[in-house]
Amino acid sequence: MSTVRIGIIGGGLMGREVASALGRWFVLDSFPVRAELTAVCDLVEKQRDWFRQIPTVKLITADHRELLASPDVDVVYVAVPHNLHEKLYLDVLDAGKDLLAEKPFGIDLKAARNIAAAAKSSGRFVRCSSEFPFLPGAQRAVQIVREGGLGKLLEVHSYFHHSSDLDPTKPANWKRQVKTCGAIGVMGDLGMHTVHVPFRLGWKPKRVYAQLQKIYLERPDGKGGTAVCDTWDNALLHTEVDVDGAEVPVRFEMKRLAPGETNSWSIEILGTDGGVKFSTKEPKTFWTFKRGKEQQWQRTDLGFHGPFPTITGGIFEPGFPDCFLQMWAAYVAERAGKLDGRFGCVTPEEAVASHELFEAALLSHAEKRAVAL
Ligand SMILES: NC(=O)c1ccc[n+]([C@@H]2O[C@H](COP(=O)([O-])OP(=O)(O)OC[C@H]3O[C@@H](n4cnc5c(N)ncnc54)[C@H](O)[C@@H]3O)[C@@H](O)[C@H]2O)c1
């Protein structure tokens, strides 16, 4: 069995999630490739120190060029503020390494296009992060849509809601400022998660009308002062897609201030004959609509069945670390040519398409009109 050696640039919230996923790779049952965390880079010593407890990590550095020069790294995962994506992703490709990029794949459309072009010309294997579609409920929704039987598609609603920003005393961080998060704001933070499944099902918006909100314009800076928060907090994107010759409304919602929602990723796909609903709010529950003599919404407890088999009992509940591991399995399997028709990570083309949508949404909101894509 071959081993893929992984390096992390950015050992913050997500860098540690990757260490967690790789640290329990053995959970994947009969997976054809081994994966191992070998190197970590972060500017901050305290962040670097956390990784010292992981026995496979051979290199810990504050300089990403040192990590990229290491012969013990095949794939690099980069999880840093959005203003650094383009530079670091291009450095990874220049160093001849494969890349699992964090969303939003560059701070704006121009950066995303540059990264996608470099990915293509380098010939390296590049994908972007979006883990929720690997949950059993999301996979079941995709399967049912692909099998047909929903009748005429009525509407699609794909949304990702957070709520901690409801608290005005929550300190600002780089995600609340345009210079580090990007002018697209919450769309850059949460948008990739909402578009992955619709895009993969072939539903690419041809027009968007956007409603964007900035809710708290300043927050504590965590050092006794206040900091300006100039990013969009909530975004509603009303779009249309062509499906079987008809225009179908697809609504994407990204919210940092959604009362009661800690990290709720949800999708609803409704047709005249059938429909599906899944939300991480009820992680085992999958809803199916059937129109018969009587109309019914049926509730199914799905259990633990990701695209990549694991040793976890089939009746157990899946959670965030599980879909994150499944996403990594998809990346490693596809890189090895072993995806075998299963759901794959976001491609560079899909990431660029997401930026095209978000940029059109900025224009739509500014001019209060629908913008063609
Ligand atoms: N997939 C998801 O569910 C998910 C969730 C949260 C964040 N993200 C994405 O992950 C990325 C990082 O977000 P986060 O929440 O982990 O941020 P974070 O602030 O927790 O971590 C970022 C880390 O990058 C380090 N860093 C900054 N500049 C660096 C450099 N030049 N070299 C090395 N390290 C550097 C910082 O010291 C910090 O430890 C962003 O793109 C964000 O949108 C994805």
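Let's start with the second largest cavity. Its lining is Arg24, Val27, Phe304, Thr310, Asp322, Leu325 and Gln326. The space inside is about 40 Å³. By class, that lining has 3 nonpolar, 2 polar and 2 charged residues. Keep in mind that this is a predicted model.

How many cavities of 30 Å³ or more does a search of the whole structure find? The count is 2. The largest cavity has a volume of about 50 Å³. Phe134, Leu135 and Pro136 are among the residues that line it. So are Phe304, His305 and Gly306. Pro318, Asp322, Cys323 and Gln326 belong to that lining too.

Look at the names again. Phe304, Asp322 and Gln326 line the largest cavity, and Phe304, Asp322 and Gln326 also line the second largest. Which helix gives the most to the lining of the largest cavity? Helix H9, residues 320-335, with 3 residues. In class terms, the lining of the largest cavity splits into 6 nonpolar, 3 polar and 1 charged.

Now the pockets. The largest pocket holds about 1100 Å³ of space. It is lined by 47 residues, and the closest to its centre are Leu13, Met14, Ala79, Trp174 and Lys175. Three helices give two or more residues each to this lining: H1 (13-23), H4 (85-94) and H8 (186-200). The lining divides into 18 nonpolar, 16 polar and 13 charged residues.

The second largest pocket has a volume of about 240 Å³. One stretch of its lining is Gly148, Gly149, Leu150, Gly151, Lys152 and Leu153. Val145, Trp203 and Val243 line this pocket as well, along with Asp244, Ala246 and Val248. The classes here are 7 nonpolar, 3 polar and 2 charged.

On to the ligand. Which residues come nearest to it? Of the 24 residues around the ligand, they are Asp42, His82, Lys103, Glu131 and Lys175. Lys175 is a name you have heard already, as one of the residues closest to the centre of the largest pocket.

Three polar distances, all to oxygen atoms of the ligand. Glutamate 131 puts a polar side-chain atom 2.4 Å from a ligand oxygen. For lysine 175, a side-chain N or O atom is 2.6 Å from an oxygen of the ligand. For histidine 85, the distance from a side-chain N or O atom to a ligand oxygen is 2.9 Å. How much of the ligand does the protein bury? Taken alone, the ligand exposes 850 Å², and the protein buries 86% of that.

Next, the backbone. Lysine 103 is among the residues that come nearest to the ligand. The peptide bond from lysine 103 to proline 104 is cis, with omega near 10°. Where does proline 104 sit? In the loop between strand S5 (98-101) and helix H5 (109-122). Phenylalanine 105 lies in that loop between S5 and H5 too. Its phi is positive, about 70°, although phenylalanine 105 is not a glycine.

Last item, helix H10. It covers residues 348-367, 20 residues in number. From its first C-alpha to its last, H10 reaches 29 Å. That is close to the 28 Å expected at 1.5 Å a residue. Then comes lysine 368, just after H10, with a positive phi of about 50°.

To recap for anyone setting up calculations. There are 2 cavities of 30 Å³ or more. The largest pocket has about 1100 Å³ of space. The protein buries 86% of the area that the ligand exposes when taken alone. And the bond from lysine 103 to proline 104 is cis.

How values were computed. Residues are numbered from 1 along each chain as its sequence is written. This is a predicted model: local features need pLDDT of at least 70, side-chain atom pairs count only at pLDDT 80 or more; totals for chains, interfaces and linings use all residues. Side-chain values use heavy atoms; hydrogens and water are left out. Helices (H or I, at least four residues) and strands (E, at least two) are DSSP runs, numbered from the N terminus. The expected span of a helix is 1.5 Å times one less than its number of residues. On a 1 Å grid over the protein atoms alone, a cavity is a set of points where a 1.4 Å probe fits but cannot get out, and a pocket is an open set with protein on both sides within 12 Å along at least five of seven lines; lining residues have an atom within 4 Å of a point. Grid points are joined across faces, edges and corners, and a volume is the space filled by probe spheres set on the points. Ala, Val, Leu, Ile, Met, Phe, Trp, Tyr, Cys and Pro count as nonpolar, Asp, Glu, Lys and Arg as charged, and the others, Gly among them, as polar. A residue is near a molecule or strand if one of its heavy atoms lies within 4 Å of it. A polar contact is a pair of N or O atoms within 3.5 Å; within protein, one must be able to donate a hydrogen and the other to accept it, and residues adjacent in sequence count only if both atoms are side-chain atoms. Accessible areas come from the Shrake-Rupley method with a 1.4 Å probe; for residues, only the protein chains shown count as cover.
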